[in-house]
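Q: Could you take a close look at the C-terminal end of this chain for me? Give me the overall picture as well, so that I can see what that end has around it.

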Amino acid sequence: MRSFSEIHAAPETYRAYVGRFAFDASKLPPMQDLSQPVSATPNPVPADFTGHQLGPTGFDTPVGTAMVLQPSCAGPWCGSLAPGDEVLVFARVEDGRLIVDLDPCPGKVQAAPDTAMRERLAACMRGEDCRAVE
């Protein structure tokens, strides 16, 4: 819920999906060796996504589309994802492409939510209460 609220307040446009990615995992950055200089921003990784897009009635719109995974690192930790894992993803729309910021900490990519959380996310799309439950 916190991630939904953050992306809803962001100046960029985001879309929410639940599904699976297919991509070459060897193109993601490995954990970095702190004895070496921290590398620059990792290269984007093309990916194919299959799943469902969030709308006011839930994750009921089938989607199969290309997305770009943009990993980032914080110290030795880099964003990662395993091909085929079911995830909740908030993809940023940029120049007609869907960009997924793959950060070291879960945020815009998380484990797929259960049915109750999917219903809460749909309620948010309808403009209902989106506060995170403490």
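**The C-terminal end and its surroundings**

A: Of the chain's 134 residues, 39% count as buried. Keep in mind that this is a predicted model. Its secondary structure comes to two helices and eight strands, and from the N terminus on the order is α-β-β-β-β-β-β-β-β-α. In other words, a helix sits at either end of that order, with the strands in between. Contacts between residues 24 or more positions apart make up 70% of those with a separation of 6 or more. As for the outside, the accessible surface is about 7,700 Å², and carbon and sulfur atoms account for 52% of that.

Now for the part you asked about. Helix H2 covers residues 115-125, and Asp 114 caps its N-terminal end, with a side-chain oxygen 3.3 Å from the backbone nitrogen of Ala 116. Further along H2 you'll find Leu 121, Ala 122, Ala 123 and Cys 124, and these are buried. What do the buried residues of H2 pack against? They go up against H1, S2, S3 and S6. Just after H2, Gly 127 takes a positive phi of about 90°. On either side of that glycine in the numbering, Arg 126 and Glu 128 meet through their side chains in a salt bridge, 3.1 Å from N to O. Neither partner is buried: Arg 126 is partly exposed with a relative accessible area of 44%, and Glu 128 is partly exposed too, at 41%.

How does that compare with the salt bridges elsewhere? The count comes to four, and Arg 92, Glu 94 and Asp 101 are joined into one network through shared partners. Arg 92 meets Glu 94 at 2.3 Å, N to O, and it pairs with Asp 101 as well, the closest N and O atoms being 2.7 Å apart. Here Arg 92 counts as buried because its relative accessibility is 12%, under the 20% cut-off. Asp 101 is buried as well, whereas Glu 94 is partly exposed at 31%.

Back to what H2 packs on. The largest nonpolar core has 18 residues, with Tyr 17, Phe 21, Phe 23, Met 67, Leu 69, Leu 81 and Val 100 having the most contacts inside it. Strands S1 (13-22), S2 (45-55), S3 (58-71), S6 (86-94) and S7 (97-102) each give two or more residues to this core. Apart from it lies another core, of 14 residues, and that's where Ala 122 turns up, along with Phe 4, Tyr 14 and Phe 59 among others. Back in the 18-residue core, Phe 21 has a long contact list beyond its sequence neighbours within four places, including Phe 49, Met 67, Leu 69, Leu 81 and Val 100.

H1 is one of the elements that the buried residues of H2 pack against, and Ser 3 is found in H1, which covers residues 2-9. Is Ser 3 buried or exposed? At 13% relative accessibility it counts as buried. Not counting residues up to four places away, Ser 3 touches Phe 90, Gly 107 and Gln 110. Two of those come with polar partners for its side chain: the backbone oxygen of Gly 107 lies 3.0 Å from a polar atom there, and the side chain of Gln 110 joins it in a polar contact of 2.8 Å.

Terms used: Residues numbered from 1 in each chain as written. Predicted model: local features only at pLDDT ≥ 70, side-chain atom pairs only at ≥ 80, totals over all residues. Heavy atoms only, no water. Helix = DSSP H or I, 4+ residues; strand = E, 2+ residues; numbered from the N terminus. Buried < 20%, exposed > 50% of the residue type's maximum accessible area, 1.4 Å probe, protein only. Polar contact = N/O pair within 3.5 Å; in protein donor to acceptor, adjacent residues only side chain to side chain. Contact = heavy atoms within 4.5 Å. Core = buried A, V, L, I, M, F, W, Y, C linked by side-chain atoms within 4.5 Å. Areas by Shrake-Rupley, 256 points an atom, 1.4 Å probe, with all protein chains shown as cover.
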